[in-house]
Amino acid sequence: MFLMLQGRGFMSLILLIEQILNGLQFGIMLFLMAAGLTLIFGVMGLINLAHGSLYMIGAFCAAAVAGMTGSFLLGLIAALAGAALAGALVELVVIRRLYRKDHLDQVLATFALILIFSEGTRWIFGSFPLFLDVPDYLSGPITLPGGIQYPLYRLALIVIGLAVGLGLYLLISKTRLGVQIRAGENDREMIAALGIDIAKLYTIVFALGAALAGFAGALVGAIQSVQVGMGEPVLIMAFVVIVIGGIGSIKGALIGALLVGLTDTLGGIFLPEVMKLFFDPSTATSIGSSLASMAIYVLMAAVLVLKPAGLFGARA
Amino acid sequence: MTEQAVSATSVPRTPVLETRGICKSFGALRASRDISLDLRPGEIHAIIGPNGAGKSTLIGQICGTIKPDTGSVHLLGKDVTHEATRMRARAGLGRTFQISSLAMEDTVLQNAVLGALGASGKPWRFWKDALHDRSLTQTAEEALVRVGLEDLARHRTAELSHGQRRQLEVAVALTLRPKALVMDEPMAGMGPEGSRLLTGFLDRLRHEAPILLVEHDMDAVFSLADRISVLVYGEVIATGSVEEIRANAAVREAYLGDEA
Amino acid sequence: MKVMTMAATAVLALGLTSAQAEPVKVGMITTLSGGGAGLGIDVRDGFLLAVKQSGNSDIEVIVEDDQRKPDVAVQLADKMVQSDKVDVMTGIIWSNLAMAVIPSVTAQGKFYLSPNAGPSALAGKGCHPNYFNVAWQNDNLHEGAGAYANFADMKKSFILAPNYPAGKDALTGYKRFYKGDLAGEIYTKLGQTDYAAELAQIRASGADSVFFFLPGGMGISFLKQYKDSGIDLPVVGPAFSFDQGILQAVGDAALGVKNTSQWSKDIANETNKAFVESFQAEYGRLPSLYASQGFDTANLLLSAMAKADVSDADAFRAALEEADFRSTRGNFKFGPNHHPIQDIHVREVIKEGDVYTNKIIGTALTSHADAYWAECDM
Amino acid sequence: MTRETYVNAFTLALFVAIPLWAVVADEPFTITLMTRAAIFAIAAVGLNIALGLGGLVSLGHAVFFGLGGYSMGILAHHAQTYTALAEWPLLIEGTKSMPVIWLTAIVVSSLAALVIGILSLRTAGVYFIMITLAFGQMFFFFAISWSEYGGEDGLSIYVRNGFPGLDTLVPIQFYGLCLGLLCLVLVFAWRLAKSPFGLALNAARQAPLRVETVGLDPARLRLIAFVLSGAIAGLAGALFADLNRFVSPVMFSWQTSGEIMIFVILGGVGRLFGPVVGALVFVALEHWLGGLSEFWHIYLGLLLLLIVLFARGGLIGLVAGREAVHD
């Protein structure tokens with residue numbers, strides 16, 4: 001395929017590497033979102049459709065605070081704090097009543113939360129997108145070995161994403177909270193036996209997941225549009241990620257995220273090119289693009305058909 | 001060892017149900033080690049053993065919810081090792097569960113009718129009321145009468161007591177007109193009166209279908225069983241009549257001794 | 001002060017018109033909730049501002065929210081026609097909703113004045129005597145961009161749009177006027193928010209310019225990422241991604257970008273000047289393209305009401321065809337298919353104080369009509 | 001008679017009385033709203049077979065709803081443009097006849113449900129929810145870029161399709177047709193729940209191992225339930241398209257799947273009239289709340305939340321209490 005593309009003139013190895021980098025970067029962004037989602041499912045067994053709303057809240061908090069103070073860093077902190085706060089609040093008021101209910105009720109209740117959050121945000125911030133920009137010290141491209149021009153901010157995203165992944169790993173494997181979380185994933189009775197306040201643990205885990213989503217929202221908001229409804233497309237992608245990886249598995253979320261990121265990015269480029277072997281350029285672009293937009297869902301369906309509990313899933 | 005134990009008893013006819021050298025491991029845990037058992041017409045063959053001995057795994061393999069690593073399961077002389085649970089059920093293997101597995105929101109009668117429906121093999125009827133289908137309800141009601149639940153037929157299963165659910169389990173198994181029954185702790189959670197009644201019932205039932213009985217209630221086991229197999233750490237350490245098992249030193253050490 | 005003068009003129013106008021006009025009921029279906037609500041709100045506010053300024057009390061406007069869902073729009077249209085018994089309908093923002101609603105509304109003998117969407121099907125074979133488009137045919141601004149590209153000596157454009165009908169129309173419209181070569185042509189996913197892959201392709205393609213049509217949040221994301229990628233090819237696009245409503249969210253990334261529009265807040269005519277000032281006074285924000293379209297739509301309607309009774313459909317249609325109103329765009333008239341013949345301007349994004357906005361730098365197409373009028377048979 | 005029976009009878013009476021009142025009061029839009037409610041109810045009754053009886057939480061029923069819609073759209077589009085749908089291997093022409101369209105919608109959506117069901121039913125729980133969602137997204141994106149049939153713009157049908165002996169353009173006549181179909185579907189769902197199949201399916205939801213132990217195959221029971229459910233949703237989709245005289249990819253969106261699910265849960269999962277009550281209340285809320293405030297989604301969200309948290313068994317459960325669903 002590579003040769004064929006090279007034959008078309010404007011695909012080079014450099015470009016291919018750059019696109020793979022793009023796919024990885026997209027995957028890591030998805031991981032930030034998916035990690036919280038899968039953590040919440042793993043510990044509490046909750047399907048949280050409102051996770052996308054927390055992503056949106058993070059972006060709005062960041063945009064509002066960065067707009068007021070001019071500091072992107074303060075914006076990020078506001079995103080973390082705002083989303084964690086919103087998460088804790090929602091957990092206390094609504095979510096904790098859902099743990100004992102079945103998936104159906106959880107889907108409906110968190111769907112209702114989406115409606116409330118989205119329109120509530122629009123009520124507060126208005127219908128127009130907000131401004132949030134990459135800070136000066138991270139803007140513009142840098143040149144990588146091999147002459148690849150790559151935006152510094154996207155590189156920073158990769159680094160931050162990996163750092164958060166590492167942080168999560170350390171948190172779960174090395175800290176007291178991590179022990180409790182793992183206990184919660186494996187055996188609910190054991191938590192009680194360990195004398196852990198389950199209600200408090202759940203609130204903390206939910207707030208943690210929310211903070212991760214909000215953080216992702218703020219980071220992504222700087223290079224995308226901060227607007228009402230920005231969370232839903234990402235939410236669906238994040239679900240695709242955790243389902244592919246196996247729900248509840250952080251490792252699965254990371255691998256699933258990278259798979260989805262690469263599939264989506266590379267599919268968008270290569271499928272139209274492949275189609276050009278069979279159709280005229282215009283038709284090929286159109287058909288290839290349609291296939292590309294379905295690619296991650298096809299990937300997910302294929303994974304589930306072969307491994308009904310995802311790649312690293314323990315339970316269905 | 002098992003060879004010797006089997007030869008000690010003398011039930012003449014060919015077995016209805018048989019396992020031949022089945023082994024099953026879960027990771028490092030060897031849950032079944034070369035288990036060969038059989039169930040012959042007219043008998044009650046009890047399986048006893050301490051918790052964690054691998055009784056549930058054994059039942060799972062006999063009924064088809066767990067696949068053995070090696071060895072085979074034979075039902076009425078036919079190798080069913082690779083057949084699904086439902087195929088074994090259709091071939092005449094009835095089963096009751098340790099933890100009641102019933103449709104709790106449905107009525108007692110509906111649960112029994114489900115059994116009759118399974119036995120009829122014709123669930124693909126979308127219109128006629130199942131509870132007005134005489135061919136189904138007759139079988140179901142007969143089974144309920146036999147376990148003494150006929151008065152509760154219209155009650156929700158969730159309203160039944162623990163023991164009554166056990167009775168219903170048995171009734172559902174009976175609607176299948178089984179050729180062999182596998183019962184997983186049918187006495188568990190029953191009061192002394194219920195246990196006594198069920199013991200009497202199983203005593204009569206063995207002539208209709210032989211029973212492979214996993215049970216903790218030793219009084220029931222010793223009063224009912226024609227043969228007993230003792231399972232310890234996934235291995236059958238002895239099979240024999242009640243007297244033989246009582247007398248077996250290895251069994252006393254491994255199992256009964258603990259209880260005494 | 002300003003408000004008071006307006007009120008005074010309103011009373012005056014009321015006295016003048018009420019004697020002649022027959023009451024007209026207007027049904028406005030537009031997007032007021034969910035994503036894209038900003039556009040509908042601007043159209044509504046522009047329209048209602050014009051109605052208020054006219055002081056004409058013989059016009060009743062019923063506004064309903066379509067939530068950007070075609071099925072909801074269709075049912076609201078049914079409601080307005082069947083229950084509210086409106087005479088004229090307007091308001092729809094999106095082409096797919098327009099396609100769902102307009103054919104049946106006009107078939108039931110109502111007038112439809114489009115303040116935004118102009119799908120090609122309704123300009124050509126599917127045109128209807130009762131359908132008037134006050135904004136543009138969908139291809140117009142893209143055609144203007146193509147013409148500007150020739151003017152700016154662009155020889156190798158990289159073009160991209162979402163993979164849906166309006167996106168395909170956009171690229172077709174651009175190519176219709178653009179005379180150079182294409183360095184690449186991409187259809188992106190509808191609703192896509194990350195354009196890293198496309199930007200890499202643009203960088204590698206050897207293009208000398210970029211044309212894109214990515215409405216709403218898609219355009220904001222694209223522009224921010226474009227700036228961050230360090231690619232410094234000239235960008236040209238239709239006004240939708242550079243409009244007042246979203247420009248503040250794009251920020252510096254949009255500065256200097258050339259975009260084509262039939263309207264701009266600095267078009268020099270009295271109507272426009274008054275419109276921009278009064279809109280700002282009334283709503284506390286600068287008007288957008290959509291607000292101007294809503295405003296013009298209302299004024300077109302008011303001009304027809306002054307000439308004919310809506311109950312006399314033929315006379316009312318003739319009055320609408322005359323388009324005897326002062327457009328914020330200056331020159332405005334209808335072509336034979338009831339779509340505008342107007343100038344398409346080229347604007348550049350600038351910063352006025354703290355506010356990002358556009359200024360006109362030239363005209364891409366003068367008295368431009370759409371490409372489909374010949375197919376229209378009415 | 002249980003209280004639930006009274007609730008059901010009252011609901012049905014509303015479906016008859018409100019439109020009749022609307023005819024007398026000359027409020028044709030109320031009839032349109034009731035038609036919308038009736039059609040949503042059909043789709044939701046369909047979903048309830050999978051969801052309530054079979055325990056299959058499908059977030060992909062928009063696929064069948066959309067396929068029904070596009071069956072109508074494509075057939076009618078070819079009929080109104082006088083072009084053939086296919087010329088090879090055999091000539092297929094469009095049609096404007098509702099019965100033919102309905103049959104096509106049912107066949108097409110059943111086939112899709114069969115394939116999706118075979119693949120999806122390998123999974124369970126959350127994975128099942130998500131794989132059905134994934135199929136929905138596939139169809140959604142496919143429809144958006146399928147320019148032959150309008151892509152995102154969708155397809156407009158200028159005149160409502162015909163039914164022998166009726167003038168379907170008259171709102172009340174089309175409504176009558178939809179209500180008739182709703183009643184048929186309700187009778188079918190009622191018989192189905194009591195039938196041997198329904199009994200087995202119901203048990204397979206509560207105790208799958210038990211069903212297997214009596215010699216039945218829960219997977220196949222679920223698959224058939226999924227297909228029946230999809231077929232009914234497909235029929236509803238065809239009607240919905242005819243109500244709007246329009247189809248678009250929105251019918252395939254995951255929000256559509258979510259809404260159909262909301263109808264079921266709002267009214268009461270597993271109850272015969274649950275989906276009907278849910279659809280009626282939802283349409284009423286959409287209409288009245290939408291008129292009250294731009295931000296009516298907030299109120300809708302709050303209401304849904306209250307129902308999930310405090311009214312188990314949905315609205316019917318709230319009014320009629322937790323009574324036996326069967327018998």
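The term pLDDT denotes the predictor's confidence in each residue, on a scale from 0 to 100. By that yardstick, chain A of this predicted model has a mean pLDDT of 87, with 93% of its residues at 70 or more. Among the four pairs of chains that touch, chains A and C share the most contacts, whereas chain A and chain B are joined by no contact.

**Confidence along chain A**

- Confidence in chain A is lowest in helix H1 (residues 2-7), where the mean is 42, and highest in helix H4 (residues 72-93), where the mean reaches 96.
- Residues 1-10 of chain A have a pLDDT below 50, and this stretch makes 10 contacts in the model beyond near neighbours in sequence.
- Where pLDDT is low, the predicted coordinates should not be read in detail.

**How the chains meet, or do not**

- The contact between chains A and C, the pair with the most contacts among the four that touch, draws on 42 residues from chain A and 36 residues from chain C.
- On the side of chain A that touches chain C, at least two residues each are supplied by helix H2 (13-44), helix H5 (103-125), strand S2 (148-151), helix H6 (152-174), helix H11 (250-275) and helix H12 (281-306) of chain A.
- Sorted by class, that side of chain A holds 18 nonpolar, 19 polar and five charged residues.
- Chain A and chain B have no contact, and their closest C-alpha atoms lie 15 Å apart, while chain B and chain C, which also do not touch, have their nearest C-alpha atoms 34 Å apart.

**The two domains of chain C**

- Chain C is divided into domain 1, made of residues 2-136 and 266-338, and domain 2, made of residues 140-261 and 344-371, and the C-alpha centres of these two domains lie 28 Å apart.
- The contact between them takes 15 residues from domain 1 of chain C and 17 residues from domain 2 of chain C.
- Helix H2 (37-54) and helix H5 (120-123) of chain C each give at least two residues to the side of domain 1 that touches domain 2, and the residues of that side comprise six nonpolar, seven polar and two charged.

**One residue in chain B**

- B:Ala116 lies in helix H4 (residues 108-120) of chain B, and it counts as buried because it has 26 C-beta neighbours inside 10 Å, where 20 or more are required.
- Leaving aside residues up to four places away in sequence, B:Ala116 touches B:Leu136, B:Thr139, B:Ala140 and B:Thr175.
- B:Val251, which is 135 residues away from B:Ala116 along the chain, has its C-alpha atom 41 Å from that of B:Ala116.

Note on methods
Residues are numbered from 1 along each chain as its sequence is written. Chains are lettered from A and ligands numbered from 1 in the order in which they are written. This is a predicted model: local features need pLDDT of at least 70, side-chain atom pairs count only at pLDDT 80 or more; totals for chains, interfaces and linings use all residues. Helices (H or I, at least four residues) and strands (E, at least two) are DSSP runs, numbered from the N terminus. Two residues are in contact if their C-beta atoms, placed from the backbone, lie within 7 Å. Ala, Val, Leu, Ile, Met, Phe, Trp, Tyr, Cys and Pro count as nonpolar, Asp, Glu, Lys and Arg as charged, and the others, Gly among them, as polar. A residue is buried if 20 or more other C-beta atoms lie within 10 Å of its own, exposed if 12 or fewer, and partly exposed in between; C-beta atoms are placed from the backbone. Domain bounds come from an automatic or database domain assignment.
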